[in-house]
Amino acid sequence: MANLVIVEHDNNEVAAATLHAVTAAQQIGGDIDLLVAGENCGAVAEAAAKIAGVSSVKVADDAKFGHHLAENLATLIVEVAAGYSHVLASATTFGKNVMPHASALLDKAQISEIVEVKSPDTFVRPIYAGNALATVQSSDSIKMITVRTIKFEAAAAEGGSASVEAISGGTDTGLSRWVSQAVSNNDQVDLTSAKIVVSGGRGMQSGDNFSMLHSVAEKLGAAVGASRAAVDSGFVPNELQVGQTGKVIAPDLYIAVGISGAIQHLAGMKESKVIVAINNDSEAPIFQVADYGLVADLFEAVPELDAAL
Amino acid sequence: MKILVCVKRVLDPQVKARVKADESGVDLANAKMTMNPFCENALEEALRLREAGVGEEIIVASVGGGKTEETLRHGLAMGADRAIQVVTEETLEPLAIAKVLKQVAEQESVGLVLAGKQAIDDDSNQTAQMLSALLGWSQATYCSEIKIEGDKATVTREVDAGLETIEVKMPAVMSADLRLNEPRYVKLPDVMKAKRKPMDKIELDSLGLDTANRLTTLKVEEPEGRAAGVIVNSVSELVEKLRNEAKVI
Ligand SMILES: Cc1cc2nc3c(=O)[nH]c(=O)nc-3n(C[C@H](O)[C@H](O)[C@H](O)COP(=O)(O)OP(=O)(O)OC[C@H]3O[C@@H](n4cnc5c(N)ncnc54)[C@H](O)[C@@H]3O)c2cc1C
Ligand SMILES: Cc1cc2nc3c(=O)[nH]c(=O)nc-3n(C[C@H](O)[C@H](O)[C@H](O)COP(=O)(O)OP(=O)(O)OC[C@H]3O[C@@H](n4cnc5c(N)ncnc54)[C@H](O)[C@@H]3O)c2cc1C
């Protein structure tokens with residue numbers, strides 16, 4: 001068996017999500033090689049070679065891979081995948097975008113968002129917003145997999161000494177062109193890797209009121225998240241959305257403020273170690289998953305919490 | 001430009017999925033079913049493109065058996081011109097669905113395919129990307145804004161880091177995110193009108209495609225539930241418990 005893990009990166013750093021995909025590959029067993037495709041991404045390749053348990057790093061440094069456009073990147077994955085039994089990527093918007101494209105070119109099924117490796121051909125994946133877990137066995141010669149990061153520990157970023165090999169290949173399909181990326185606020189704690197997350201919902205009433213949550217988050221070293229209702233209402237940007245169709249996170253502590261606890265929201269946070277709910281409706285479904293529930297008006301409780309920390 | 005909108009019939013998002021006692025799958029007998037919410041966004045966008053003069057005929061297509069026709073009728077009531085049901089009682093995987101939809105897109109000579117970014121039952125998030133690969137067309141997933149001008153489209157995509165804008169050549173396959181638009185409500189006269197709109201049925205077998213499944217579902221089970229928690233009476237009690245009992249702050 002041989003695993004190929006597609007490295008997610010911004011041409012400077014390896015994304016944390018990739019370390020979790022490497023762990024999934026370790027559980028499958030066999031050699032682990034990494035594919036770094038990008039533009040001026042030498043630093044990424046060097047960092048990738050240090051990840052524990054990796055045999056070799058293949059680097060395709062070419063302008064056509066600069067922005068990870070799915071059509072171009074998939075052609076490279078198809079060429080490299082030929083020598084592997086498993087190709088993995090993290091189930092982030094990066095992996096979810098390119099992996100099915102490559103899978104279809106290879107005429108292989110994709111197994112989305114695995115949460116457990118049962119054996120090299122059998123995996124568990126959540127369906128129905130995590131309300132059911134399906135165990136599926138693949139008969140494909142190459143298993144194309146995306147990995148739900150919260151269910152696999154991160155591999156050690158240091159300690160390995162893999163060989164680095166420059167490769168060429170892939171096609172510039174000319175189909176898409178990257179224009180721009182709007183990143184709202186990158187000095188905040190990263191939502192997907194934060195140990196503590198403070199999330200607000202429709203109950204927050206406005207974007208301005210989120211400053212209360214930011215203040216609490218700052219004291220706790222926490223990230224701020226949100227429900228879809230809060231994003232749809234324009235209180236906060238889309239990348240803060242937690243849920244079935246947003247980010248799936250599992251911090252040590254998740255504090256849900258003014259969030260009712262819809263199935264789709266729970267899908268993104270119910271694996272958190274400790275859940276706190278602050279809501280003035282004692283019937284809100286969020287209390288059914290909360291370890292600690294506080295039935296209170298958030299406009300009183302949150303400032304009080306802020307003062308107590 | 002003709003537009004193909006791929007729609008899927010799924011368990012209503014307000015209904016909690018129940019796993020069958022024999023662990024063979026999720027119990028859908030007598031369950032309330034609807035059009036996948038993301039597919040409604042895809043269709044709504046097609047309707048708006050037509051209203052803006054960019055789109056012409058809108059075809060809704062679905063692969064499925066049983067009551068798939070109901071979902072297609074809903075699409076017609078929203079405003080699609082005609083419907084195609086590729087009939088099969090088998091549960092196909094996204095790769096097979098994409099192969100079928102490719103054939104439909106080519107047969108109908110459409111210039112744009114719109115799909116939902118994910119189906120809320122199987123949560124695969126694959127079909128649109130696979131279809132783009134098989135057609136050799138541009139791919140734009142998780143769209144929250146679509147502007148089509150001539151043979152190019154500018155698309156804003158919801159990605160983990162925020163919003164990404166790309167420009168794609170037409171024809172293209174695009175998948176809709178929920179913030180792309182607000183799907184319209186269907187009024188009774190629309191439902192009546194939809195009954196008279198054309199609905200083609202194509203037997204899957206007649207297409208001569210390899211749609212064999214590559215995955216076998218060994219079992220479907222319920223995830224472990226969380227143990228019941230406690231209600232605290234004050235913020236100070238909450239802070240005390242988080243510090244000394246849960247030890248998370
Ligand atoms: C296909 C699909 C996908 C979806 N994906 C997601 C997703 O990824 N993430 C997601 O979050 N949702 C998602 N949703 C939406 C989801 O169904 C809910 O609509 C949403 O989570 C509700 O957000 P909310 O809890 O903030 O709002 P509400 O349900 O309106 O709840 C607000 C809560 O705030 C409380 N409140 C109000 N005022 C106060 C106050 N002063 N003090 C204390 N409490 C107060 C209320 O009691 C209430 O419980 C999806 C829905 C669909 C159909
Ligand atoms: C009892 C049961 C058993 C199952 N067993 C398996 C199994 O063994 N392996 C497996 O992989 N899956 C299995 N499934 C899931 C089923 O195969 C998937 O629903 C199918 O593969 C499509 O995946 P998706 O809907 O999640 O696709 P996504 O890629 O999430 O769908 C995205 C979009 O693609 C379009 N689309 C998807 N399906 C259709 C369609 N039928 N017609 C038209 N457009 C469509 C829609 O626009 C949709 O919004 C099972 C389902 C059930 C209920």
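The paragraphs below go through the surroundings of ligand 1 and then a surface patch on chain B. The model is predicted, so that local features need pLDDT of at least 70 and side-chain atom pairs count only at pLDDT 80 or more, while totals for chains, interfaces and linings use all residues. Residues are numbered from 1 along each chain as its sequence is written, chains are lettered from A and ligands numbered from 1 in the order in which they are written, and side-chain values use heavy atoms, with hydrogens and water left out.

Ligand 1 is surrounded by residues from chains A and B, so the site is shared between chains. Of the 30 residues around ligand 1 (a heavy atom within 4 Å), those that come nearest are A:Arg202, A:Ser227, A:Ser260, A:Gln264 and A:Asn279. By class, this shell has 14 polar, 12 nonpolar and four charged residues.

Among the atom pairs at the site, a polar side-chain atom of A:Asn279 lies 2.7 Å from an oxygen atom of ligand 1, whereas a backbone N or O atom of A:Asn280 lies 3.1 Å from a nitrogen atom of the ligand. The protein covers 84% of the 980 Å² of accessible area (Shrake-Rupley method, 1.4 Å probe) that ligand 1 has on its own.

On chain B, B:Leu188, B:Val191 and B:Met192 make a nonpolar surface patch of about 270 Å², where patch residues have over 30% relative accessible area and no salt bridge (a side-chain nitrogen of Lys or Arg within 4 Å of a carboxyl oxygen of Asp or Glu), and nonpolar side chains (Val, Leu, Ile, Met, Phe, Trp, Tyr) are joined within 5 Å. B:Val191 is partly exposed, with a relative accessible area of 32%, the term covering values between buried (under 20%) and exposed (over 50%).

Conventions:
Patch = residues over 30% accessible without salt bridge, like charges linked within 9 Å, V, L, I, M, F, W, Y side chains within 5 Å. Buried < 20%, exposed > 50% of the residue type's maximum accessible area, 1.4 Å probe, protein only. Polar contact = N/O pair within 3.5 Å; in protein donor to acceptor, adjacent residues only side chain to side chain. Nonpolar A, V, L, I, M, F, W, Y, C, P; charged D, E, K, R; others polar.
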